[in-house]
Amino acid sequence: MKKIIINIGRQFGSGGKDIAAALGRKLDIPVYDGELIDRAAQDSGFSAELFKQRDEKKTFSFSALISGAFIGSSNEYMGGSGLFKMQSETIIKIAEQGSAVIVGRCSDYILRDHKDALNVFITAPLEDRIRRTCERGEATPENAEQFVNRKDKGREEYYNYYSFGNWGMASGYDICINSSVLGIEGSADFIIEFARRCGML
């Protein structure tokens, strides 16, 4: 199989993480989502907890400082831009090592010069995203819509700030998929077929 990097952008609750896992299983390639945090922490020498606190969040050094974003000693304090740079370096290393599925974290922007990268955005109707969020126990039916919208707003701010782009805009991706149409497995199969037709697999 040719080397391929599949970057997955996703609306909250759209099943993007599950589709990424299905792609990894079907193509037998590694998937990086939360694993990116551990890998970036290992590469940088900073604690994984520091990366988790800022994961896909737009932060500024001063605001992080006054909100108590120190982890351990003062040597472990790092502004959001510094952490983004470290995580970006880890994503580039992963892409250089071989095929992978990378979820979120501006990976499509970071790897914009890689010819073997396929950029995908996963969406779904709000009601389906609310249902999935409730099924996962992340919110109650009463506050699920507000919770989903807040998560999406955070991802949009993070992406737009660090990439200078527009999160979720179709023109920024190779393919956009409504996961409710084909389901998790069907969406993964569709992405694979699309990659094959593009000559990437």
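Two strands count as paired if DSSP finds at least two bridges between them. Helices (H or I, at least four residues) and strands (E, at least two) are DSSP runs, numbered from the N terminus.

This is a predicted model, where local features need pLDDT of at least 70, side-chain atom pairs count only at pLDDT 80 or more, and totals for chains, interfaces and linings use all residues. Numbering starts from 1 along each chain as its sequence is written, and side-chain values use heavy atoms, with hydrogens and water left out.

**Whole chain.** Colour by secondary structure. The protein has nine helices and five strands. Their order from the N terminus is β-α-β-α-α-α-α-β-α-β-α-α-β-α. Of the 201 residues, 48% are buried (under 20% relative accessible area, 1.4 Å probe, protein chains only).

**The sheet.** Select the strands. They form an open sheet of five, ordered S2-S3-S1-S4-S5, with parallel pairing. Strands S2 (31-32) and S5 (175-178) are at the edges with a single partner strand each, so one side of each lacks a neighbour in the sheet.

**Strand S2.** Add residues 100-103, strand S3. S2 and S3 run parallel, joined by two bridges. Val31 sits opposite Val101 in S3.

**Helix H9.** Now select residues 179-197, helix H9, and find Leu182 in it. Is Leu182 buried, exposed or partly exposed? Its relative accessibility is 45%, so Leu182 counts as partly exposed (between 20% and 50%).

**Surface patch.** Show Val181, Leu182 and Phe190 as a surface. They form a nonpolar patch (over 30% relative accessible area, no salt bridge, nonpolar side chains joined within 5 Å). Together their accessible area (Shrake-Rupley method, 1.4 Å probe) is about 300 Å².

Conventions:
Patches are made of residues with over 30% relative accessible area and no salt bridge: like charges are joined within 9 Å, nonpolar side chains (Val, Leu, Ile, Met, Phe, Trp, Tyr) within 5 Å. A salt bridge is a side-chain nitrogen of Lys or Arg within 4 Å of a carboxyl oxygen of Asp or Glu.
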